[in-house]
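Please read the following with the sequence and the coordinates side by side. The account moves from one strand to the sheet around it, and then on to several helices.

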Amino acid sequence: MRKRSIKFQVISALAVQFLVLLVVVSITLYQLNLRKHDYVILNLSGQLRVISQVMVSQSDNYLKQAPRSYEAYDRDLGLYRKDLRKQVNSYSKIIDAFKARSLSPDLVSGRSFSDTESASLGKVPSLLDGEEVIYCTWDAQSRSQLDETAAIWERFKTGLIAELGNPDEPRLEAAAKYIQFNQHDLVQASADLSLAFRLMMEKKLNEIRLLNQVSLGLSFLIALTILLILYRKIFRPVETTVQGFRRVAQGDLNFQVPIAEQNEIGRLSSMFNELTRRLAGIFRLSDRINQANNLDETLRFVFEEFGEFLPIDLVALLRTDQNRKAVLIDRVYTDGQNQIDEGARFDQVGCRCMQVFDEGKPLRIQGDDLQNAQSSDAMTIQLVAGGMQSLIFVPLTISGDEEMILVFGSRASDAYHEEHLELLENIAAQVSHGFEKTIGMESLVISAVEGLAKLAESRDPETGDHLFRMSRYSALIAEQMGHEVRYQSQINSAYVRDILRFAPMHDIGKVGVEDSILLKPGKLTDAERQAMQEHPVIGAEVLKHCEQQVNAVGHSIFRIGIEIAESHHERFDGDGYPYQLKEEAIPLSARIVAVADVFDALTSRRPYKQAWSIDEALELIRTESGKHFDPQVIVALERALPGIMQIYHKYKHV
């Protein structure tokens, strides 16, 4: 990832360029420093030429003025012989140093020569400091010429010494003639050596020049590479990103800026895409919430849309009761099997979610915190038992006295991070508005349903709490059937809730039956019975009219109520009314309510009969299995008996 960073790439290119320049400058400085050595070497090689020429010139002058007396000879011994010896010594020192490839400080500074030698040869100018020894390196041509010049000098010096003869009485004239005779080889060898050294120095200069040209070209290529990186990694992606920003600013929230590479611009574009994705999700959520018919759909929309932003396996809605003494799990939505009891109530003491109500901020519970919360928080225990290992509680801002919390749960441990808390805190208000609208509509529907149910109940006041009991019996039966595989696709928590809500409306059609028939204490005539059997149709028509009204504004609310009102008197064998529907043709909701209604009617006192015992009622219902009632519903009734009996004992009418 770091290698894809623009900063890393640009700094790397600049570092390479700097390194190249550093290497070039270092080599150049080194070569320039060596040029000081070159000047010394060239100067010394030039001295060889001077020495050879001086020897030739002095020998020529000596022969022209050869001594003809002992005084003149003695004079030349002190002059010519002395100069000749110095020249031979100087030439030998220089050529030996060249052969050894080591120029001593004395030789460089001229201290190895006597004052007279330095005066005759000219002191070598030193560009070097201190007592530096110069170590020479020669190319092949210089080595070859040095060997040849050294060999010529060795022969020349040997012959010259032989011609001089006795050191005490040297033959100066013979030596001069020897020099004159062999001067060409020595002078030419000295000149060739100086030329070879000069060519070698020029070659080194050319190498330095070439190195600088290469470094200049390389620096240009590196600079061009940096510009290319800037264009490809910054300028072009920035332009593409700006165009994407412009499209999003114009309202195209579904547009995603292309990401070429995972560098700084890519990460910026990725974060921008995430932002637009979240905005689009929020807008979609708001739009879908506005289309929701009820809280169940609202929770489903939240589950589907927020799944893009954080891990979700469950969404639940919590409420406090009127006295704020307990917290209720009002609704639960999950894409799997729901193992959490809707309607479960928990004492607010020890309930961590109360912290959310008090502080008005999201709360995350997971990991060790989740384990600690289970020691005293019954609600957390319930959620963990339902498979949740990470929880976030988000307060909803709802007008009125109601307090609500939206719960997000994940089966993964430590699933939620700070960014999830920040996201939910920022959009809580937006989500709250959607929930407030749906809750208001649902509350209105519930009030309307309860009002209609009470209207029907008011026509038959002797039924006690029949509607309350039979609706809860129906819901318990539906829950049991929902555990069976064949009904799991049809029965969920929303379906059970609709059964509970609309079961009391099963006899709403009785509002259209005359009191003389409805309240008649005795047996009905055939005509009166026929009029009474019209109440399912009347009730269905009333609710269908209500459904048409809500359909006009894009909602559907009363479907289950219509099924129950219209079909709860149909028989499983087809002998019921009003349409003689049979078996599966009868809506499941109506088949469930039919059993619950008869069970409560049998076990409750009426003006015309006493309450039957539970066993008597069950016996009759069993005998009607496959005739009046759906056998599967009867099986579910018997499985639901523990819960039914709790309601029966608390609210029975005997």
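In this predicted model, a good place to begin is strand β7, which covers residues 390-396 and is mostly covered, seven of its seven residues being buried. The burial concerns both faces of β7, since Ser390, Ile392, Val394 and Leu396 are buried on one side, while Leu391, Phe393 and Pro395 are buried on the other. The two groups can be read from the general rule that side chains in a regular strand alternate between the two faces of the sheet.

Which strands, then, pair with β7? On one hand β6 is joined to β7 by four bridges, with the two strands running antiparallel, and here Leu363 stands opposite Phe393 of β7. On the other hand β7 pairs with β8 over seven bridges, again in the antiparallel sense, and Val394 has Leu406 in β8 as its bridge partner.

These pairings belong to an open sheet of six strands, whose order is β5-β4-β3-β8-β7-β6 and whose pairing is antiparallel. The edges of the sheet are formed by β5 (345-347) and β6 (363-366), each of which pairs on one side only. Averaged over the sheet, and with direction ignored, neighbouring strands are turned by 25° against each other. Helix α9, made of residues 295-306, packs on this sheet, where it touches β3 (314-320), β4 and β8 (404-410), and its direction makes about 70° with that of β4. Strand β4 itself, residues 326-333, pairs with β5 in the antiparallel sense over three bridges, and within this pairing Ala326 has Asp347 in β5 as its bridge partner.

Beyond the sheet, the reader may turn to a pair of helices, α15 (residues 493-502) and α19 (residues 559-567), whose axes come within 9 Å and cross at roughly 55°. Because of that angle, α15 is classed as oblique to α19, and the crossing in which α15 passes α19 is right-handed. The contact is made by Tyr495, Asp498, Ile499 and Phe502 of α15, which meet Ile560, Gly561 and Ile564 of α19. By type, the residues of this contact divide into five nonpolar, one polar and one charged.

How is α19 placed with respect to the rest of the structure? Eight of the nine residues of α19 are buried, so the helix is largely enclosed by the rest of the structure. Those buried residues are Ile560, Gly561, Ile562, Glu563, Ile564, Ala565, Glu566 and Ser567.

Within α15, Val496 deserves a separate look. Val496 has a relative accessible area of 12% and counts as buried, because the limit for that class is under 20%. Leaving aside neighbours within four places in sequence, Val496 is in contact with Ala475, Ala478, Glu479 and Ile491. The C-alpha atoms of Val496 and Gln480 lie 10.0 Å apart in space, the two residues being 16 residues apart in sequence.

A further helix pair is formed by α22 (residues 631-639) and α23 (residues 641-651), which pack at an angle of about 65° with their axes 5 Å apart. That angle is the reason why α22 is described as roughly perpendicular to α23. In this contact Leu637, Glu638 and Arg639 of α22 meet Leu641, Pro642 and Ile644 of α23, and the residues involved divide into four nonpolar, no polar and two charged.

Notes. Residues are numbered from 1 along each chain as its sequence is written. This is a predicted model: local features need pLDDT of at least 70, side-chain atom pairs count only at pLDDT 80 or more; totals for chains, interfaces and linings use all residues. Side-chain values use heavy atoms; hydrogens and water are left out. Two strands pair if DSSP finds at least two bridges between them. Axes are lines fitted to C-alpha atoms, for helices over the stretch in contact, and angles run from 0 to 180 degrees between N-to-C directions. Contact means heavy atoms within 4.5 Å. Angles under 35 degrees count as roughly parallel, over 145 as roughly antiparallel, 65 to 115 as roughly perpendicular and the rest as oblique. A crossing is left-handed if the near helix is turned anticlockwise from the far one by less than a right angle, and right-handed if clockwise. Ala, Val, Leu, Ile, Met, Phe, Trp, Tyr, Cys and Pro count as nonpolar, Asp, Glu, Lys and Arg as charged, and the others, Gly among them, as polar. Buried means under 20% relative accessible area, exposed over 50%, partly exposed in between (1.4 Å probe, protein chains only).
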